[in-house]
Amino acid sequence: MKIATYNVNGINGRLDILLRWLKEDVPDVVCLQELKADDARFPRKEIERAGYGAIWHGQRSWNGVAILAKGETPILTRRGLPGDPDDTHSRYIEAAVDGILIGCLYLPNGNPFPGAKFDYKLRWFRRLQAYAAELLELEVPSILAGDFNVMPTEIDVYKPERWLDDALFRPEVRKAYAHLVAQGWTDAVRHLHPGERIYTFWKYWRNSFERDAGLRIDHFLLSPAVAPLLRSATVRRKPRSWEHTSDHAPVMIELDVSGAGGRSVSRGPLGSEGTRHVAESYPKARDGIPAPQFSNRK
């Protein structure tokens with residue numbers, strides 16, 4: 001099972017890039033961030049023609065997140081991160097796909113530091129920590145994926161001394177990420193590549209991509225039920241080299257979801273019971289969304 005996260009930096013303006021990459025890499029599930037389009041302008045028909053069902057949480061000109069699944073429509077379990085009913089930013093969407101609960105997030109940038117935007121970022125991080133802890137307590141197979149806007153360590157940023165006062169590298173933000181992981185989550189890329197300099201974002205200016213002067217800010221966090229299934233974690237650098245592309249590259253993990261007898265995850269040891277457990281045992285996670293009907297991929 002191939003699951004990817006990709007900050008597309010404008011889904012309509014870069015739809016050709018997204019569709020080209022989907023055709024080449026054929027991921028099973030994709031988490032998208034920074035759609036920069038309201039719900040009505042999400043390119044559902046084009047995505048469906050590419051073979052993917054989709055759910056999305058859009059916002060005009062800013063933010064926006066979506067989850068795509070090959071050959072099926074993800075089962076929506078949450079739209080919006082809990083903890084602040086006054087937060088109108090479209091930064092979190094969650095779905096059940098083949099027995100795994102997948103949260104797609106776009107964490108605030110937080111610049112400039114200091115300031116109100118940085119304070120908002122830390123509050124959002126605290127809300128994420130609280131919700132992530134509840135997911136772990138439920139013991140459902142879960143993944144948190146997306147643009148976290150944080151470089152966790154010095155090897156995650158080119159020339160870290162230049163980023164000391166940036167909101168993506170401030171000690172408060174790195175500490176918040178470390179506390180999140182310490183709950184019991186596995187950082188997929190760092191787990192498989194512990195000492196390697198790997199980047200997922202390169203600025204458009206000064207030939208940053210060509211010089212590999214980048215940042216690792218797009219992450220996969222895997223719950224204890226999912227982490228043992230991890231087989232690979234790679235940055236798909238090729239789309240970053242295309243003309244008029246996003247400043248991010250897709251990041252993709254592969255999970256071995258085969259159970260006894262080669263069954264899929266939806267019929268194997270994880271089962272669709274995990275996502276059903278969220279819907280039935282944690283109704284406040286749905287924010288009024290009708291209880292989903294779980295079924296295996298056809």
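Q: Is Asn63 buried or exposed in this predicted model?
A: Asn63 sits in the loop between E3 and E4. Its relative accessible area is 7%, and the cut-off for burial is under 20%. So Asn63 counts as buried.

Q: Which residues does Asn63 touch, leaving out those up to four places away in sequence?
A: Start with the loop between E3 and E4, where Asn63 lies. Skipping residues up to four places away, the contacts of Asn63 are Glu34, Leu35, Lys36, His89, Ser90, Arg91 and Tyr106.

Q: What is the length of the polar contact that joins the side chains of Asn63 and Arg91?
A: Arg91 is one of the residues that Asn63 touches. Their side chains are also joined by a polar contact, and its length is 3.2 Å.

Q: What distance separates the C-alpha atoms of Asn63 and Asp38?
A: Along the chain, these two are 25 residues apart. In space, their C-alpha atoms are separated by 9.4 Å.

Q: In what order do the six strands of the open sheet run, and which are the edge strands?
A: The pairing in this open sheet is mixed, and the order is E3-E4-E2-E1-E12-E11. An edge strand here pairs on one side only, which is the case for E3 (52-57) and E11 (230-235). Averaged over neighbours and ignoring direction, the strands are turned against each other by 15 degrees. So to the order: E3-E4-E2-E1-E12-E11, with edges E3 and E11.

Q: Which helix packs on the sheet, touching E1, E2, E3, E4 and E12?
A: The strands touched are E1 (2-7), E2 (29-33), E3, E4 (65-70) and E12. The helix direction makes about 160 degrees with that of E1. The helix, residues 15-25, is H1.

Q: Which residue of E12 is the bridge partner of Thr234?
A: E11 pairs with E12 (residues 251-255) over five bridges, in the antiparallel sense. For Thr234, the bridge partner in E12 is Met252.

Q: How are H3 and H4 placed against each other?
A: A pair of packed helices is described by the angle between the axes and the distance between them. For H3 and H4 (residues 171-182), the axes are 10 Å apart and the angle is about 5 degrees. Angles under 35 degrees count as roughly parallel, so H3 and H4 are roughly parallel.

Q: How do the residues of the contact of H3 with H4 divide into nonpolar, polar and charged?
A: On the H3 side, the contact includes Phe118, Leu122, Phe125 and Gln129. H4 brings, among others, Val173, Ala176, Tyr177 and His179. The split is nine nonpolar, two polar and two charged.

Q: Why does Gln129 count as buried?
A: Gln129 lies in H3 (residues 116-138). Beyond its neighbours within four places in sequence, Gln129 is in contact with Ala176, His179, Leu180 and Gln183. The cut-off for burial is under 20%, so Gln129 counts as buried because its relative accessible area is 18%.

Q: What is the relative accessibility of Thr186, and which residues does Thr186 touch?
A: Thr186 has its place in strand E9 (residues 186-187). Thr186 counts as buried, with a relative accessibility of 18%. Not counting residues up to four places away, Thr186 touches His191, Phe220, Leu221, Leu222 and Ala227.

Q: What share of the protein's residues count as buried?
A: The protein has seven helices and 12 strands. Of its 298 residues, the share that counts as buried is 59%.

Conventions: Residues are numbered from 1 along each chain as its sequence is written. This is a predicted model: local features need pLDDT of at least 70, side-chain atom pairs count only at pLDDT 80 or more; totals for chains, interfaces and linings use all residues. Side-chain values use heavy atoms; hydrogens and water are left out. Two strands pair if DSSP finds at least two bridges between them. Helices (H or I, at least four residues) and strands (E, at least two) are DSSP runs, numbered from the N terminus. Axes are lines fitted to C-alpha atoms, for helices over the stretch in contact, and angles run from 0 to 180 degrees between N-to-C directions. Contact means heavy atoms within 4.5 Å. Buried means under 20% relative accessible area, exposed over 50%, partly exposed in between (1.4 Å probe, protein chains only). A polar contact is a pair of N or O atoms within 3.5 Å; within protein, one must be able to donate a hydrogen and the other to accept it, and residues adjacent in sequence count only if both atoms are side-chain atoms. Angles under 35 degrees count as roughly parallel, over 145 as roughly antiparallel, 65 to 115 as roughly perpendicular and the rest as oblique. Ala, Val, Leu, Ile, Met, Phe, Trp, Tyr, Cys and Pro count as nonpolar, Asp, Glu, Lys and Arg as charged, and the others, Gly among them, as polar.
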